[in-house]
Amino acid sequence: MREHAIATLVHDLGKLLLPGHFKIATAESCTGGMLACAIVSDIDASSILERAFVVYSVDAKCEMLGLERDRVEECGGVAKDVAIAMARSALQKSGADLAVAITGFAGPREGNEEVGLIHIATAYAQGVCHKALHLGDIGRKAACEQAVAAALEMMIEVSHAFFAARTSA
């Protein structure tokens with residue numbers, strides 16, 4: 001994924017959320033803050049970011065977001081329910097209108113994990129959305145960039161479905 005494509009997605013998200021003064025929160029594990037960095041790099045869209053949680057370790061997920069340690073340790077922090085819990089917690093702890101979470105195995109392989117498995121979840125007052133990516137062993141940087149792009153695309157979809165309708169009502 002090229003940086004230009006991510007920058008374009010950030011700009012598009014900003015155009016959707018800025019008019020309604022909507023705020024977002026991020027909870028990132030494998031991407032280590034790349035999504036938040038992309039958002040704050042856009043001078044116009046940066047004001048949509050309320051808060052960013054970088055929760056790379058099991059301890060960080062449990063301490064900062066209040067996730068259940070047994071479950072996070074059981075799956076290595078990478079599972080659909082963990083991503084959803086991360087997004088819900090980021091939403092609740094931030095007071096944002098929309099939260100997104102990214103967790104996954106970007107590589108290299110350790111044990112029996114699926115390299116390139118990324119879970120992305122969004123949470124907002126009306127519900128949650130989840131998407132799993134199975135990218136394969138494409139390299140850490142490429143996996144993280146694709147995860148960031150997919151997270152931005154999910155937020156744009158949710159914004160079109162809900163937030164944009166609220167600003168025009």
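Modeller: Before we start, a helix here is a DSSP run of H or I with at least four residues, numbered from the N terminus. And keep in mind that this is a predicted model.

Biologist: Fine. Where is Gly 66 found?

Modeller: In the loop between helix H3 (58-65) and helix H4 (69-75). Leaving out residues up to four places away in sequence, Gly 66 touches Lys 61 and Lys 93. Its C-alpha is also 9.0 Å from that of Ala 85, with the two positions 19 residues apart in sequence.

Biologist: Why does Gly 66 count as exposed?

Modeller: Its relative accessibility is 52%, and exposed means over 50%. So Gly 66 qualifies as exposed.

Biologist: What makes Arg 69 and Asp 59 a salt bridge?

Modeller: The N to O distance between their side chains is 2.8 Å, and the cut-off is within 4 Å. So the pair qualifies. Arg 69 sits in helix H4 and Asp 59 in helix H3, so the bridge ties together parts 10 residues apart in sequence.

Biologist: Why are those two called partly exposed?

Modeller: Arg 69 has 31% relative accessibility and Asp 59 has 39%. Partly exposed covers what lies between under 20% and over 50%, so both belong there. There's a network too: Asp 59, Arg 69 and Glu 73 are linked by salt bridges.

Biologist: How many salt bridges does a search of the whole structure find?

Modeller: Six. Another one of them is between Asp 81 and Arg 71, at 2.7 Å, N to O. Asp 81 is in helix H5 (residues 80-94) and Arg 71 in helix H4, so this one links distant parts of the chain, 10 residues apart. Asp 81 is partly exposed at 36%, and Arg 71 is partly exposed at 25%.

Biologist: How do you know that Lys 141 and Glu 145 meet in a salt bridge?

Modeller: Their N to O distance is 3.8 Å, and the limit is within 4 Å, so the pair counts. Both residues lie in helix H6, four residues apart, about one turn of the helix.

Biologist: Is Glu 145 buried or exposed, and what about Lys 141?

Modeller: Glu 145 is at 9% and buried means under 20%, so Glu 145 is buried. Lys 141 is at 57% and exposed means over 50%, so Lys 141 is exposed.

Biologist: On to the interior. Which residues have the most contacts inside the largest nonpolar core?

Modeller: Ile 24, Leu 35, Ile 120 and Leu 152, in a core of 38 residues. Helices H1 (3-17), H2 (34-40) and H6 (140-168) each give two or more residues to this core, as do strands E3 (98-104) and E4 (117-124). H6 gives the most, with 13 residues. Apart from that lies another core, of 23 residues, including Phe 53 and Leu 91.

Biologist: What does Leu 35 touch, beyond residues up to four places away in sequence?

Modeller: Among its contacts are Val 100, Ile 102, Val 148, Leu 152 and Met 155.

Biologist: Last one: what makes E4 and strand E5 a pair?

Modeller: Pairing takes at least two bridges, and E4 and E5 (residues 127-134) have eight, in the antiparallel sense. So the pair passes. One bridge partnership joins Ile 118 to Leu 133 in E5, and a hairpin connects E4 to E5 through two residues.

Methods. Residues are numbered from 1 along each chain as its sequence is written. This is a predicted model: local features need pLDDT of at least 70, side-chain atom pairs count only at pLDDT 80 or more; totals for chains, interfaces and linings use all residues. Side-chain values use heavy atoms; hydrogens and water are left out. A nonpolar core is a set of buried Ala, Val, Leu, Ile, Met, Phe, Trp, Tyr and Cys residues joined through side-chain atoms within 4.5 Å. Buried means under 20% relative accessible area, exposed over 50%, partly exposed in between (1.4 Å probe, protein chains only). Contact means heavy atoms within 4.5 Å.
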